[in-house]
Amino acid sequence: MLNSFQAVVILMVISRIDNVTDAGTFVIAYAIANLLIMVGRYGVRQYQVSDINEQFCFSEYFRLRILSTVLMMLAAVFYTAFLYMGGSYDLEKSIAVILICGIKAVDAFEDVYHGLFQQQGRLDIAGKILTIRLGIYIAEYMAVYFLTHNLIFTTTVCLITTILLSVCMNGSVIGIFTYKKEGSRRSHIKELLIDCFPIFISTFLMAYVANAPKYAIDIVLTSQEQAQFNYIFMPVFVISLLSTFIYQPMINRLAIIWGERKLRQFWFLILRQTVLIGVLTILAMGGGYLLGIPVLSLLYGVDLAAYRTELVILLLGGGLLALVNFFTMVITITRYQRHLIWGYLLISLCFLLGGRRTAMAGGIMGISAFYTISMIALAIIFLIYIFVIARLSIKKSSAKELRQ
């Protein structure tokens, strides 16, 4: 919950002090960081957790994460430098984006430890570490910004605190685990890079699609419109992150069930979680229609009464995004992850070709509808994938029984 709500509660403080410049900067910096963190994670977490036979040792996952985290920060620096030299960003905005990306880089690197904890059946330890670290980060960010009204100073202080907390807490517990510690060989890391590349591309494109409306608005609309859109978009992002409550703890269990080819149980669990996400989405849309606008207007100190319809449309898109994330995890467990790329690539191209024009022509309503329609299409594509995988699995099982 802290991970899901961190941007929401921090933006509450920023918007009441500077609801145009700093609020807009924080929002787009957070969106960029959430895109680039996919470079840092490289799609390895689900693969690592479902590697129940330890095909790769922890040192290989660790070294790969060092490489991917460095690449993440290089991408952040080059991206902001390009926009700064092109005149799109000023120096303050560029620095803020790099610093917030630095905080997310800590999340990306720490994730390799939490993948090990979950692989060993101790996801609770990762949860405790995240609870303490994120709780301190959120409280510190709000307090320092409230006192200084300086986004760069606040982010710098919180980056230093985040690094220290992550090193101390994860370092203090890693020694209690027994795991495969053989020194990595280059061929193994190369194999891991190849195996996880489709997942990386898919999660990167998934993050792009999830935040694509923000990037389109950042180019063609004003900072004030960016802030207003994100006030109503925040519940959507929260739904997506909260959905990890539903399926993240299931990865190891589903991997074992799939490995044992208990297909009936496997597909039943998938159906149950899909229905649960659907029910939660309907409840969120109803609550958003009745209470969403008054609550958001109160939280952020702005009048959002004109955006009730847009909020409901976006909440539907958020529920569909949660479903897409769940389908992505299922397809990864079955090791058909290389096919994920095509679905995400198709939707990303749609946003690249039409997102900017839609935002310019239809404003916030146009980009909201475009986003939700894209999520519907992507969910259908992945559902078709899962049906095809199910048929292939049944055929393989039947053929194996006949040979026996």
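**Figure 1. Leucine 298 counts as exposed, at 61% relative accessibility.** Exposed means over 50% relative accessible area, buried under 20%, and partly exposed in between, using a 1.4 Å probe and protein chains only. The model is predicted: local features need pLDDT of at least 70, side-chain atom pairs count only at pLDDT 80 or more, and totals for chains, interfaces and linings use all residues. Residues are numbered from 1 along each chain as its sequence is written, and side-chain values use heavy atoms, leaving out hydrogens and water. Leucine 298 sits in helix H12, which covers residues 263–300. Helices are DSSP runs of H or I with at least four residues, strands are E runs of at least two, and both are numbered from the N terminus. Methionine 12 is 286 residues away from leucine 298 along the chain. In space, the C-alpha atoms of this pair are 9.5 Å apart.

**Figure 2. The whole chain has 14 helices and zero strands.** Read along the sequence, the pattern is α-α-α-α-α-α-α-α-α-α-α-α-α-α. The radius of gyration is 21 Å and the globule rule gives 22 Å for 404 residues, so the chain is as compact as a globular protein of that length. That radius is taken over C-alpha atoms, and the rule is 2.2 Å times the number of residues to the power 0.38. Along its principal axes, the C-alpha trace spans about 70 × 45 × 35 Å. Of the 404 residues, 55% count as buried. Take contacts between residues at least 6 apart in sequence: 81% of them join residues at least 24 apart. Contact means heavy atoms within 4.5 Å.

**Figure 3. Helices H1 and H6 pack at an angle of about 5°.** H1 covers residues 2–17, and its axis is 10 Å from that of H6. Axes are lines fitted to C-alpha atoms, for helices over the stretch in contact, and angles run from 0 to 180 degrees between N-to-C directions. H1 and H6 are therefore roughly parallel to each other. Under 35 degrees counts as roughly parallel, over 145 as roughly antiparallel, 65 to 115 as roughly perpendicular, and the rest as oblique. H1 contributes Leu2, Asn3, Gln6, Val9, Ile10, Val13, Ile14 and Ile17 to the contact. H6 contributes Thr131, Leu134, Gly135, Tyr137, Ile138, Tyr141, Met142, Tyr145 and Phe146. By class, this contact has 13 nonpolar residues, four polar ones and no charged ones. Nonpolar covers Ala, Val, Leu, Ile, Met, Phe, Trp, Tyr, Cys and Pro; charged covers Asp, Glu, Lys and Arg; the others, Gly among them, are polar.

**Figure 4. Helices H6 and H7 cross at roughly 160°.** H6 covers residues 123–148 and H7 covers residues 151–173. Their axes come within 9 Å. H6 and H7 are therefore roughly antiparallel to each other. Their crossing is right-handed. Right-handed means that the near helix is turned clockwise from the far one by less than a right angle, and left-handed means anticlockwise. The contact of H6 with H7 has 15 nonpolar, seven polar and two charged residues. Histidine 149 lies in the loop between H6 and H7. Its phi is positive, about 55°, although it is not a glycine. Histidine 149 is partly exposed, with a relative accessible area of 47%.

**Figure 5. Valine 39 and tyrosine 42 lie in H2 and in the loop between H2 and H3, respectively.** H2 covers residues 21–41. Valine 39 counts as buried at 13% relative accessibility. Leaving out residues up to four places away in sequence, valine 39 touches Ser68, Leu71, Met72, Phe200 and Phe204. Threonine 69 is 30 residues from valine 39 in sequence, and their C-alpha atoms are 7.1 Å apart. Helix H3 covers 44–49. Tyrosine 42 has phi near 55°, a positive value in a residue other than glycine. Tyrosine 42 counts as buried at 10% relative accessibility.

**Figure 6. Leucine 99 is a buried residue of helix H5.** H5 covers residues 91–119. Leucine 99 has a relative accessible area of 14%. Apart from neighbours within four places in sequence, leucine 99 is in contact with Ile152, Thr155, Thr156 and Leu159. Isoleucine 52 is 47 residues from leucine 99 in sequence. C-alpha to C-alpha, leucine 99 and isoleucine 52 are 36 Å apart.

**Figure 7. Serine 374 is a buried residue of helix H14.** H14 covers residues 340–403. The relative accessible area of serine 374 is 6%. Not counting residues up to four places away in sequence, serine 374 touches Ile347 and Phe351.
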